[in-house]
Amino acid sequence: MNIIIKNLNLNTNELMKNYNLTLKKYIPYETNEQIEKDITRTFSNFSYFNKKADLNGYDRLHRLLIALSTYDDLGYIQGINFIAASFLWHCDEEYAFAIVCKLFDILNMKNIFYNNLSNVNIKCDQFYENVLKYEKPHI
């Protein structure tokens, strides 16, 4: 994980500041309800994110999803819970937040989520075109 953090050029002080600022932003009650529902579905075979089994994992994911829901005014994105949880297994909340945000910026992911996911097909086509270029150049 340190390699990823190093390659993303993350400033630790800036990272902590940004993460803490996002947690102070208001989120609607409905958004929090959706986040709580999604946490119960997140890797449900593992106890780490289960509120009854491990409150620490549940709370970490809850805070991270709240922070991500305020990032770049996108709101809460259903399904991001699995991406966020995957990083939480390997690093602190602040780093997980920064990595997901950086991935969104690098991959220009926010455009997918505008206009009711209308750009999903375009992004999928771009992804497969790039993957095939490197993995199967002869196709």
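# Helix packing and empty space: worked exercises

Helices α4 and α5 are oblique to each other. Keep that in mind as you work through this predicted model.

**Exercise 1.** Work out which angle and which axis distance go with the label "oblique" for α4 and α5.

*Solution.*
- Step 1: Find the helices. α4 covers residues 55-70, and α5 covers residues 80-88.
- Step 2: Look at the axes. They come within 10 Å and cross at roughly 125 degrees.
- Step 3: Test the angle. Over 145 would count as roughly antiparallel, and 65 to 115 as roughly perpendicular, with the rest between them oblique. At roughly 125 degrees, the pair is therefore oblique.
- Step 4: Add the handedness. α4 passes α5 in a right-handed crossing.
- Step 5: Name the partners. On the α4 side you'll find Arg60, Leu61, Leu64, Leu65 and Leu68, and they meet Ile80, Asn81, Ala84, Ala85 and Leu88 in α5. Sorted by class, that gives 8 nonpolar, 1 polar and 1 charged.

**Exercise 2.** Describe how α5 packs against α6.

*Solution.*
- Step 1: Start with the geometry. α6 spans residues 93-106, and its axis lies 9 Å from that of α5, at an angle of about 130 degrees. That makes the two oblique.
- Step 2: Check the hand. This crossing is right-handed.
- Step 3: List the contact. α5 brings Ile80, Ile83, Phe87 and Leu88, while α6 brings Glu93, Ala96, Ile99, Val100, Leu103 and Phe104.
- Step 4: Count by class. The contact has 9 nonpolar residues, no polar ones and 1 charged.
- Step 5: Link back to Exercise 1. Ile80 and Leu88 of α5 are in the contact with α6, and they are also among the residues that meet α4.

**Exercise 3.** Now go the other way along the chain and describe α3 against α4.

*Solution.*
- Step 1: α3 takes in residues 29-41, and its axis comes within 10 Å of the α4 axis, crossing at roughly 135 degrees. So this pair is oblique.
- Step 2: α3 passes α4 in a right-handed crossing.
- Step 3: Thr31, Asn32, Ile35, Glu36 and Ile39 of α3 touch Tyr58, Leu61, His62, Leu65, Ile66 and Ser69 of α4.
- Step 4: The classes are 6 nonpolar, 4 polar and 1 charged.

**Exercise 4.** How many cavities of 30 Å³ or more are there in the whole structure, and which residues line the largest cavity?

*Solution.*
- Step 1: The search turns up 1, with a volume of about 50 Å³.
- Step 2: The lining is Leu68, Ser69, Tyr71, Leu74, Gly75, Tyr76, Ile77, Ile80 and Phe104. That's 7 nonpolar, 2 polar and no charged.
- Step 3: Spot the familiar names. Leu68 and Ile80 are in the α4–α5 contact, and Phe104 is part of the α6 side against α5.

**Exercise 5.** Which helix gives the most to the lining of the second largest pocket?

*Solution.*
- Step 1: Write out the lining: Leu107, Met109, Ile112, Val120, Lys123, Cys124, Gln126, Phe127, Tyr128 and Asn130.
- Step 2: Match it to the helix. α8 runs over residues 120-135 and gives the most, with 7 residues.
- Step 3: Finish with class and volume. The lining has 7 nonpolar, 2 polar and 1 charged residues, around a volume of about 230 Å³.

Terms used:
Residues are numbered from 1 along each chain as its sequence is written. This is a predicted model: local features need pLDDT of at least 70, side-chain atom pairs count only at pLDDT 80 or more; totals for chains, interfaces and linings use all residues. Side-chain values use heavy atoms; hydrogens and water are left out. Axes are lines fitted to C-alpha atoms, for helices over the stretch in contact, and angles run from 0 to 180 degrees between N-to-C directions. Helices (H or I, at least four residues) and strands (E, at least two) are DSSP runs, numbered from the N terminus. Angles under 35 degrees count as roughly parallel, over 145 as roughly antiparallel, 65 to 115 as roughly perpendicular and the rest as oblique. A crossing is left-handed if the near helix is turned anticlockwise from the far one by less than a right angle, and right-handed if clockwise. Contact means heavy atoms within 4.5 Å. Ala, Val, Leu, Ile, Met, Phe, Trp, Tyr, Cys and Pro count as nonpolar, Asp, Glu, Lys and Arg as charged, and the others, Gly among them, as polar. On a 1 Å grid over the protein atoms alone, a cavity is a set of points where a 1.4 Å probe fits but cannot get out, and a pocket is an open set with protein on both sides within 12 Å along at least five of seven lines; lining residues have an atom within 4 Å of a point. Grid points are joined across faces, edges and corners, and a volume is the space filled by probe spheres set on the points.
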